[in-house]
Amino acid sequence: MGMGTVFVLMGVLAAGATDGRDLLRELVGRCAGVSSIDAVIEQHIRYPGAPPEVFRGRYRADAQGRFRIDYTAPSVQRVLHTGAALYWYYPADNLLYRIGGGGGSAPAPGARPADELMRRLDERGEVEYLGRRLYGIFTLAHRFVVRGDDPRVRIEVLVDSRRGVVLERRLLDERGREIVTEVFSDYDRTQGACYPRRIDVRARGERGVVRSTTVYRDARINIPLSPGLFAPDFPPNARRRLYRDR
């Protein structure tokens, strides 16, 4: 831990350990800076009472939170998050699903947890520092709670105290029940930025808990992406459905 972190931490503790915004910003800022990513991904998704599904494809994302996945297995599919909505397109059936008006739940977790947190810290909200705890056997982690405009949910974040990488992020409801948990691991540092090469997600829904593991390979970081990559340029004659009809 650098001296800057020590002084920030002392200031947070002196303030009563309530506002951890500066400490969280200093920690995750070490691992921020991923403006774009282009990688091959493999996803293992396990639904309650069903055999696991394996998806493979190409994942591209930018600093605005947009992403696109071009799946090649188990079939050709395209998933697009424009920042305003999430689409899932099946070319063989010319079938297009729109998932929610505000983006819905992303089928692939973002490989930029530090940058996502930095963007959230620029918004209005409260950051509470809850001290340090042991994560696993040898890792010491800082624990934070981030609250936004919606009082019904909060985000708990664990950050490696030495490397500044996000280890875990949990979305909880007003009763403290887990909605989504993301675990980030196998970090790689490229061109001064770092990203997790494995993300495990546990999401709780009405039908039970869905678990997924996404592995990123052959990633290229901070490269230019085509301006039209995230445009919803689906065929005009595609059959359109809402997610609830899927």
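**Exercise 1. State which elements the buried residues of helix H3 pack against, and then name those buried residues.**

Solution. In this predicted model, the buried residues of H3 pack against H2, E7, strand E9 (154-160), strand E10 (166-172), strand E11 (178-190) and strand E12 (193-205). The next step is to name them: within H3, the buried residues are Pro113, Ala114, Asp115, Glu116, Leu117 and Leu121.

**Exercise 2. Describe how helices H2 and H3 are arranged relative to one another, and say which residues make their contact.**

Solution. Begin with the general idea that two packed helices are described by the angle between their axes and by the distance between those axes. Here, the axes of H2 (residues 21-29) and H3 (residues 113-121) come within 9 Å, and they cross at roughly 150 degrees. Because angles over 145 degrees count as roughly antiparallel, H2 is roughly antiparallel to H3. The handedness of the crossing is then added to the description: H2 and H3 cross in a left-handed way. On the side of H2, the contact is made by Arg21, Leu24, Arg25, Val28 and Gly29, while H3 contributes Ala114, Leu117, Met118 and Leu121. When these residues are sorted by character, the contact of H2 with H3 comprises 6 nonpolar, 1 polar and 2 charged residues.

**Exercise 3. Decide whether glutamate 42 is buried or exposed, and find the partners of its side chain.**

Solution. Locate the residue first: glutamate 42 belongs to strand E1, which spans residues 36-46. The relative accessible area of glutamate 42 is 17%, and because buried means under 20%, glutamate 42 is buried. Turning to the side chain, glutamate 42 makes a polar contact of 2.8 Å with the side chain of histidine 44, and a polar contact of 3.0 Å with the side chain of arginine 56. When residues up to four places away in sequence are not counted, glutamate 42 touches Val54, Phe55, Arg56, Thr213, Thr214, Val215 and Arg217.

**Exercise 4. Work out which backbone atom the side chain of serine 36 reaches, and describe the surroundings of this residue.**

Solution. Serine 36 also lies in strand E1, and with a relative accessibility of 4% it counts as buried. The side chain of serine 36 reaches the backbone oxygen of isoleucine 223 at 2.7 Å. Leaving aside residues up to four places away in sequence, serine 36 touches Ala61, Asp62, Arg220, Ile221, Asn222, Ile223 and Leu225.

**Exercise 5. For two residues of strand E7, tyrosine 129 and leucine 134, set separation in sequence beside distance in space.**

Solution. Tyrosine 129 is found in strand E7 (residues 126-135), where it is buried, with a relative accessible area of 3%. Although 15 residues separate tyrosine 129 from phenylalanine 144 in sequence, their C-alpha atoms are 4.7 Å apart. The side chain of tyrosine 129 is also joined to the side chain of histidine 142 by a polar contact of 2.7 Å.

Leucine 134 is likewise found in strand E7. Between leucine 134 and aspartate 160 there is a separation of 26 residues in sequence, and the distance from C-alpha to C-alpha is 9.8 Å. Apart from residues up to four places away in sequence, leucine 134 touches Thr139 and Leu140.

**Exercise 6. Summarise the protein chain as a whole by its elements, its buried residues and its contacts.**

Solution. The protein chain contains 3 helices and 14 strands, and of its 246 residues, 43% are buried. Finally, if one takes the contacts between residues at least 6 apart in sequence, 46% of them join residues at least 24 apart.

Terms used
Residues numbered from 1 in each chain as written. Predicted model: local features only at pLDDT ≥ 70, side-chain atom pairs only at ≥ 80, totals over all residues. Heavy atoms only, no water. Helix = DSSP H or I, 4+ residues; strand = E, 2+ residues; numbered from the N terminus. Buried < 20%, exposed > 50% of the residue type's maximum accessible area, 1.4 Å probe, protein only. Polar contact = N/O pair within 3.5 Å; in protein donor to acceptor, adjacent residues only side chain to side chain. Contact = heavy atoms within 4.5 Å. Axes fitted to C-alpha atoms, helices over the stretch in contact; angles between N-to-C directions. Parallel < 35°, antiparallel > 145°, perpendicular 65-115°, else oblique. Left-handed = near helix turned anticlockwise from the far one by under 90°. Nonpolar A, V, L, I, M, F, W, Y, C, P; charged D, E, K, R; others polar.
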